[in-house]
Each structure stands twice: as structure tokens, then as C-alpha cells.
Amino acid sequence: MKIKHIIYTCLALAVAFVSCKKWIDVEPKTNIENDRFFSSPAGFTEALNGVYLNMGNVVSYGRDMTWGLVDVMGRTYVTPPGNAPLSGAYVDAVNGNYQSRRFQDVISATYLAQYNSIANLNNILEKLESKASLLSTSQYKMIKGEALGLRAFLHFDMLRLFTKSYADGGENTQGVPYVTVYKPIVTPRLTVKDAMENILKDLDQAEQMLSKDTIITGSASDILDTRRSRFNYYAVKATKARAYLWKGDKPNALKNAEDIIAISAAKFPFVRDAELTVADAQKNRVFTREHLFGLVVPKLATNYVGFLDSNRAAGLQLAITRTIMNDQYEATTVGSSDIRRVYLLKDLTALPSPNNRIYFSKLHQPALSNRMPLIKIPEMYYIAAECLAENDPNKAVGYLNTVRTARGITAPLVIGTSGLETEIRREYRKEMPNEGQVFFYYKRLNTTSVPQIAQGTLYPTARYVIPLPQAEIDFGN
């Protein structure tokens with residue numbers, strides 16, 4: 001890992017992304033300045049805020065790790081047009097041309113941003129131990145739990161992106177660096193198995209630290225809303241469910257998913273009709289009540305202009321066709337009532353070309369502070385259903401029906417084990433556009449059958465493994 005370059009910019013980034021600069025004066029980056037920054041509980045809070053804001057960068061979860069590059073690779077949209085650097089990178093991504101300069105520029109920026117956030121977290125964790133006396137026990141546990149959980153979350157997404165899946169025999173292949181220290185040293189790459197052990201170790205410790213998280217003990221909606229945009233106790237459990245399913249450990253994946261399902265009605269209820277039938281500008285298209293973890297991305301509305309709408313006539317529009325919409329949302333009376341089809345799509349096919357497309361409008365949320373969902377309640381039902389498919393298909397179908405009913409579909413599924421995989425896949429495609437999870441779903445299963453590719457063509461599974469940035473390879477890891 002080229003950690004030296006990242007380390008020397010970390011404190012500057014943490015400070016740069018802090019909204020309130022009253023805590024410190026920006027001086028040369030030295031150990032003294034670093035100590036001064038962490039001289040009060042507020043300094044630790046602001047440093048964590050810096051990480052969350054860095055995660056909302058366009059090359060991270062503000063675009064390319066969610067509705068941008070990763071969703072493009074997951075065939076969420078038709079092949080994007082254009083030959084500008086960014087649109088060209090997306091075209092190369094669809095075609096598996098990962099060695100192109102355009103693609104490498106984007107993926108290198110993403111890699112650097114993710115490990116930059118990790119380095120900042122390591123700085124926080126190290127200062128937390130040396131300055132623990134400044135914090136109360138509850139403050140110490142909350143900060144440490146969030147930092148450890150985020151460190152695991154970020155490493156897990158790097159593992160999912162840059163290594164072979166377990167289904168493709170990746171367990172003992174070379175993985176990614178798992179960086180746990182804030183020092184200018186080379187961190188070697190671990191095997192996928194060893195990296196996963198580190199991820200789960202951090203998540204286990206985060207779960208312990210956050211066992212008294214106010215999202216568990218509090219009932220006021222403002223507490224829940226605040227903690228939804230932080231890496232809270234339930235975000236830890238949900239990430240564990242994802243991680244265990246990734247490695248094929250269905251019993252542990254099921255346990256963590258069902259732990260969340262058990263409290264979901266009280267803590268994370270499904271979106272209400274009243275939130276969607278209001279004036280257009282007030283619609284809660286992003287379903288904030290269901291967020292186990294998400295970010296506030298201040299520039300999200302600016303980021304998607306020209307991508308997820310028709311404001312760039314000749315540029316990079318990420319859209320779908322009516323044929324794709326009908327396939328994705330079931331062009332029958334069953335699918336016509338699905339609120340994801342009714343409220344989360346913007347159909348402009350009646351307009352003149354090139355604007356006559358259908359856009360996902362989930363992230364259009366002028367009244368909701370630019371929320372970017374990273375983990376939502378429905379995914380826990382999908383994980384549980386997948387884990388139960390063989391041994392308890394009736395319960396698995398029940399979990400899928402719970403989500404379908406909440407989404408306005410009145411016709412229940414009545415299927416056996418053989419049809420469950422198809423229905424789970426269909427639910428991921430309906431629920432996860434703009435969230436970056438469909439690509440990882442296909443990759444986890446190493447499937448060669450991916451919608452929106454040429455009829456009868458198998459998806460080349462080699463495309464699931466994104467090569468490390470060339471600079472990282474050249475550095476000798």
C-alpha cells in the first residue's frame with residue numbers, strides 16, 4: 001500500500017472537510033499540530049466528521065462507489081454515451097477495458113480516497129488511546145466503535161472491488177492491504193481470507209464498543225435520524241451480515257440480518273405512503289426511515305446533474321429504456337403498483353431525442369439534505385431470504401413478501417426453492433439502483449447471467465476483478 005503519500009495528506013484532509021474551523025488554526029502539518037487538534041472531545045468529533053465528509057467525495061460514495069462507476073459496472077444503466085474523460089471511463093468500465101488511462105484515472109482516485117479515509121481513522125484511533133483521559137467512557141466507546149466499524153466497512157468495499165470473490169475461488173488469493181497504523185510504512189497485501197478476518201475482527205470490536213449506542217437506547221426520532229448518518233450499532237450488524245454472506249457463512253449472515261429484522265419495525269420502519277404522495281419537492285424518494293447507515297453528501301444534488309437527469313443533452317446520461325424498465329419492474333399488474341416504479345423513475349420518453357429516456361430519480365430529494373443510502377433495511381430481508389432458501393423456503397418467501405408488500409405489491413409470491421434466486425435477484429434490481437450494490441450481488445455469486453448485455457451472451461466473470469491502480473502495482477505489492 002502506498003501509505004506514505006496518503007499519510008502526509010491525512011490531517012490536512014480531516015481539517016479541510018470540517019465544516020467548523022473554530023477548533024484549530026490551520027498551521028504546518030506537524031505532530032504538534034496533530035496533538036493540538038485532538039486536545040478536546042470536540043476535536044475527535046470533528047475528525048470523524050472529516051472522514052464522513054471525505055467519504056461523500058465524488059470518487060467515493062458521493063458518486064463512483066454508489067450510483068456512478070460501480071453501478072455502471074453492474075449494468076444498472078444502458079451503456080453511457082460520450083467520449084469525455086469521465087464518460088469514456090464509464091464506457092471502458094462497461095466493456096471491461098480496465099487498463100485504459102481513462103478508467104485507471106477514476107479507479108486510482110477512488111482507491112486513494114478510500115485509503116485516505118482509512119488513514120484518518122487510524123490517526124483517530126491512535127490518538128484515542130493516547131488521549132483517552134480527555135473523554136468520558138461513553139465518548140471513548142462511541143468514537144472508537146464508529147472508527148473501527150468504518151475502517152472495516154471501507155476495507156470490505158476495497159476487498160469486494162479489487163479481489164476475486166469466494167465463489168470464484170478467491171479465498172486464498174492475494175487481497176488488499178489492511179491498514180491499521182498511522183505511519184509512513186508499506187503495508188503488505190493480505191490474502192482475501194486474512195483480510196476478511198481483519199474486517200470481522202474490527203466489526204466484532206465495534207459491536208462491543210457500540211453496545212450502548214443511543215440508537216439502541218433512544219426512542220426519539222431525532223436521535224435515530226442523527227445516528228442513521230453515523231456508523232452506528234445496527235450499521236455494524238448489517239455490515240457483518242454482508243461480510244459473512246460474502247464469504248459464504250450463511251448461519252452468521254442470517255443471525256446478524258435477523259437481529260436487525262427483529263427491531264426494524266420500531267427503529268427502521270418502511271417508508272409511509274404519506275411521504276410519497278406529497279408535493280413532488282417534498283417526496284421522500286430515498287426512504288430515509290429505512291437507512292441503517294447513510295451519508296449526508298452536501299453536493300449530491302450538484303454531483304448528479306447531467307448524469308441522472310436530462311440536463312446534459314449531449315453528455316453522460318445514466319438512464320434506462322422502457323424495455324429495461326418493464327423487465328426490471330415486472331410489466332404486469334403485479335409491477336404497476338410498485339412504489340419504486342411509480343415514484344422513483346422519471347419517464348421522459350415523450351421528449352425529443354436525446355432526452356427521451358427514463359431516469360432513476362431516487363436521489364432527487366430537495367427537502368431531505370442530500371442523503372446517500374449505504375445500507376437499508378430491505379437488504380437484511382434479502383440476505384435472510386437467501387440464507388434460508390434451501391432449509392426453510394417458506395420463511396424465505398415470507399421475508400421477500402414483507403418487502404414486496406411494503407413496496408405496494410399486493411400479489412404475494414408463491415414459489416419453491418428453485419424460484420427464490422430469481423426473485424431475490426429481481427428484488428436487488430428493483431431496490432438497489434443508485435446504491436452500488438447490484439454489481440457486488442452479481443460478483444458475490446460469480447454469475448455469468450447479467451441483465452442488459454447482449455441476448456445469449458455470458459458475462460465474462462474476469463470483469464468482476466478490478467485491477468489495482470498501476471501506481472500501487474509498481475510500488476511492489
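## Inside a predicted protein model

The largest cavity in this structure has a volume of about 90 Å³. Keep in mind as you explore that this is a predicted model.

**The hidden spaces**

How many cavities of 30 Å³ or more turn up in a search of the whole structure? The search finds 6. For background, rolling a probe the size of a water molecule over the atoms shows where empty space is left. The second largest cavity holds about 70 Å³ of space. Here are the two side by side:

| Cavity | Volume | Nonpolar lining residues | Polar lining residues | Charged lining residues |
|---|---|---|---|---|
| Largest cavity | about 90 Å³ | 6 nonpolar | 1 polar | 4 charged |
| Second largest cavity | about 70 Å³ | 5 nonpolar | 4 polar | 2 charged |

Try finding the walls of the largest cavity in the 3D view. Its lining includes Arg160, Arg242, Trp246, Glu379 and Tyr428. Helices α11 (233–246), α17 (377–388) and α20 each supply at least two residues of this lining. The second largest cavity has a lining that includes Gly74, Arg75, Gln328, Phe360 and Arg429.

**Helix α20, an enclosed helix**

Helix α20 spans residues 438–445, and 7 of its 8 residues are buried, so the helix is largely enclosed by the rest of the structure. The buried residues are Val438, Phe439, Phe440, Tyr441, Tyr442, Lys443 and Arg444. Several of these names belong to cavity walls too. Phe440, Tyr441 and Arg444 are among the residues lining the largest cavity, while Val438 and Tyr442 are among those lining the second largest cavity. A general point may help you look at a helix: an α-helix has 3.6 residues a turn, so residues three or four places apart point the same way. After α20 comes Asn446, whose phi is positive, near 50°.

**Glu386, a partner from helix α17**

Glu386 is found in helix α17. Is this residue buried or exposed? Glu386 has a relative accessible area of 11%, so it counts as buried, the cut-off being under 20%. Leaving out residues up to four places away in sequence, Glu386 touches Leu245, Lys250, Ile424, Tyr441, Arg444 and Leu445. Two of those names, Tyr441 and Arg444, are also listed among the buried residues of α20.

**Gln104 and a distant stretch of chain**

Next, look for Gln104 in helix α6, which covers residues 101–130. Gln104 counts as buried because its relative accessibility is 9%, and the cut-off is under 20%. Which residues does Gln104 contact, aside from neighbours within four places in sequence? They are Tyr98, Gln99, Pro467, Leu468, Pro469 and Gln470. With Tyr98 you can spot a detail: its backbone oxygen lies 3.0 Å from a polar atom of the Gln104 side chain. Gln104 and Ile466 are 362 residues apart along the chain, and their C-alpha atoms are separated by 9.9 Å.

**A pair of strands**

Strand β3, residues 291–296, is mostly covered, with 5 of its 6 residues buried. Which way do β3 and strand β6 (residues 371–376) run? The two run antiparallel and are joined by 5 bridges. To see the pairing for yourself, look for Val296, which stands opposite Arg371 in β6.

**The whole chain**

Stepping back, the protein chain has 21 helices and 6 strands. Of its 477 residues, 58% count as buried. Among contacts in the chain with a separation of 6 or more, 69% come from residues 24 or more positions apart.

Conventions. Residues are numbered from 1 along each chain as its sequence is written. This is a predicted model: local features need pLDDT of at least 70, side-chain atom pairs count only at pLDDT 80 or more; totals for chains, interfaces and linings use all residues. Side-chain values use heavy atoms; hydrogens and water are left out. Helices (H or I, at least four residues) and strands (E, at least two) are DSSP runs, numbered from the N terminus. Buried means under 20% relative accessible area, exposed over 50%, partly exposed in between (1.4 Å probe, protein chains only). Contact means heavy atoms within 4.5 Å. A polar contact is a pair of N or O atoms within 3.5 Å; within protein, one must be able to donate a hydrogen and the other to accept it, and residues adjacent in sequence count only if both atoms are side-chain atoms. On a 1 Å grid over the protein atoms alone, a cavity is a set of points where a 1.4 Å probe fits but cannot get out, and a pocket is an open set with protein on both sides within 12 Å along at least five of seven lines; lining residues have an atom within 4 Å of a point. Grid points are joined across faces, edges and corners, and a volume is the space filled by probe spheres set on the points. Ala, Val, Leu, Ile, Met, Phe, Trp, Tyr, Cys and Pro count as nonpolar, Asp, Glu, Lys and Arg as charged, and the others, Gly among them, as polar. Two strands pair if DSSP finds at least two bridges between them.
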